[in-house]
Amino acid sequence: MTTTRLLPILALGAIAACSSSRSPTTSPDAGGTGGNGNAPSYTVTVGPLAIPAGSENTQCVVRRLGNPLPLHVGSIHDVLGSASHHMVVYRVNDATEQTTPFDCKPFQDTATGNGAPIIISQKSDDTLTMPDGVAYTLDANQMLRIEMHYINATSSAVMLTSSTTMNAVADYTYEASFLLIGDTDIKIPSSSDVTLGPVFLPLDAQFGDANFFALTGHEHQLGTDVQVAVAGSAADPGTMVYDVPNWIWSEPATVKHDPAFTIPSGGGFRFSCQWHNPNPDASAPPVVFGESANNEMCFFWAYYYPSHGSHVCLHTEANGTVANRCLN
């Protein structure tokens, strides 16, 4: 896979006056909320924060999870506030917390090698559960970067509170990891229905032993469907692994596979996205790819094991040239 600079590709970020505590009366610097027994859980809470009327932004905080010992995470529970568009959680190598929200670019730490995403959530209440024997490994006192893309389209300020909870497991064999795959060749004119694809993104041979156990599609407000198949080549129509009836962009389903599926040798993912643009103004410019909620995206993220690292991959056929590039 070819590496390229993909930092602007996704507005998934974090916001909020962030606290991580055992109870509302505990100091905000106390770290995560600890569990009990052999399988503890730790929660980092972001907010509450007043989001101004008519505002949209992507901001980050960096917080210590508060786990005193290394942790194998078997499930993650994210709760997004009412103004949250997406939230992404990374494990990062930072040594210092940054508790004041700051403007940030998505996947910045991935590009620099400072960290890796472990979950993206778009649903208001989202739980990722690993298969038996699969987990994310977190260091003691793990630092997390939380990014949130927030939007308040109302005429009044909205209070936003979000949280991520890491639930430990005692048994662990395989390390989980994450792929984000998409296409930026988006152009949606007014009063139109548009389909992008299917396009084919081959995976590197290193993923020959990868077991994919969950996928989630991602578009913005014009999105009507995301479909993903596993294919042996660009000419192969493949086998569908993500095809959700009545798919909803604001609450996209996560499709779990038990047993997990694999990619054939030389193969990859074949995917497509669909949109409906109801704008009757024929003179309006077409909607194109972008981070804002007023732009559009065509992505899906896939969770797999054993880990070969987190990667962000793009397919494009701009200027008539097919290119597949990955950030890792």
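**Figure 1. A right-handed link between C60 and C104.** With 85 degrees about the S-S bond, the disulfide of C60 and C104 is right-handed. This is a predicted model, and in it the two sulfur atoms sit 1.9 Å apart. C60 belongs to strand β3 (residues 55–64), while C104 is found in the loop between β6 (98–103) and α1 (108–112), so the bond ties together parts that are 44 residues apart in sequence. Is C60 buried or exposed? C60 is buried, with a relative accessible area of 0%. C104 is buried too, at 13%. And if you're new to the term, a disulfide is a covalent bond between the sulfur atoms of two cysteines.

**Figure 2. Strand β3 side by side with β10.** Stay with β3 for a moment, the strand that holds C60. β3 pairs with β10 in the antiparallel sense, and 10 bridges hold the match. To get your bearings, find T58, which stands opposite H149 in β10. How many of the 10 residues of β10 are buried? The count is 9, so strand β10 (residues 143–152) is mostly covered.

**Figure 3. The second disulfide, C273 to C298.** The structure holds 2 disulfides, and here we look at the one that joins C273 to C298, with 2.1 Å from S to S. The torsion about this S-S bond is about 85 degrees, so the disulfide is right-handed. C273 lies in strand β20 and C298 in the loop between β21 (287–288) and β22 (299–305), so the pair ties together parts that are 25 residues apart in sequence. Both C273 and C298 are buried.

**Figure 4. An open sheet with four strands.** Strand β20, home of C273, turns up again in this view. The sheet has 4 strands in the order β15-β20-β17-β18; it is open, and its pairing is antiparallel. At the edges you'll find β15 (192–202) and β18 (239–243); each has a single partner strand, so one side of each is left without a neighbour in the sheet. Ignoring direction, neighbouring strands are turned by 20 degrees against each other on average. Look along β15 and β20 (residues 268–277) and you can follow 9 bridges between these antiparallel strands. One spot to look for is T195, whose bridge partner in β20 is Q274.

**Figure 5. A six-strand sheet with mixed pairing.** Here 6 strands line up as β19-β16-β22-β13-β23-β24 in an open sheet, and the pairing is mixed. Which strands stand at the edges? They are β19 (254–261) and β24 (323–327), each with a single partner strand, so one side of each has no neighbour in the sheet. From one strand to the next, the twist averages 20 degrees. Inside the sheet order, β13 (residues 177–183) and β23 (residues 311–316) run parallel and pair over 5 bridges. L180 is a handy marker: it stands opposite V312 in β23.

**Figure 6. A cavity and the residues around it.** Rolling a probe the size of a water molecule over the atoms shows where empty space is left. A search of the whole structure turns up 1 cavity of 30 Å³ or more, with a volume of about 50 Å³. Its lining is made of I119, I120, D126, T127, L128, T216, T254, W301 and Y303. By type, that's 5 nonpolar, 3 polar and 1 charged. β7 (115–121), β8 (125–129) and β22 each supply at least two of the lining residues, and β8 gives the most, with 3.

Key: Residues numbered from 1 in each chain as written. Predicted model: local features only at pLDDT ≥ 70, side-chain atom pairs only at ≥ 80, totals over all residues. Heavy atoms only, no water. Pairing = 2+ DSSP bridges. Axes fitted to C-alpha atoms, helices over the stretch in contact; angles between N-to-C directions. Disulfide = S-S within 2.5 Å. Buried < 20%, exposed > 50% of the residue type's maximum accessible area, 1.4 Å probe, protein only. 1 Å grid on protein atoms, 1.4 Å probe; cavity = no way out; pocket = protein on both sides within 12 Å on 5 of 7 lines; lining within 4 Å. Points joined across faces, edges and corners; volume = space filled by probe spheres on them. Nonpolar A, V, L, I, M, F, W, Y, C, P; charged D, E, K, R; others polar.
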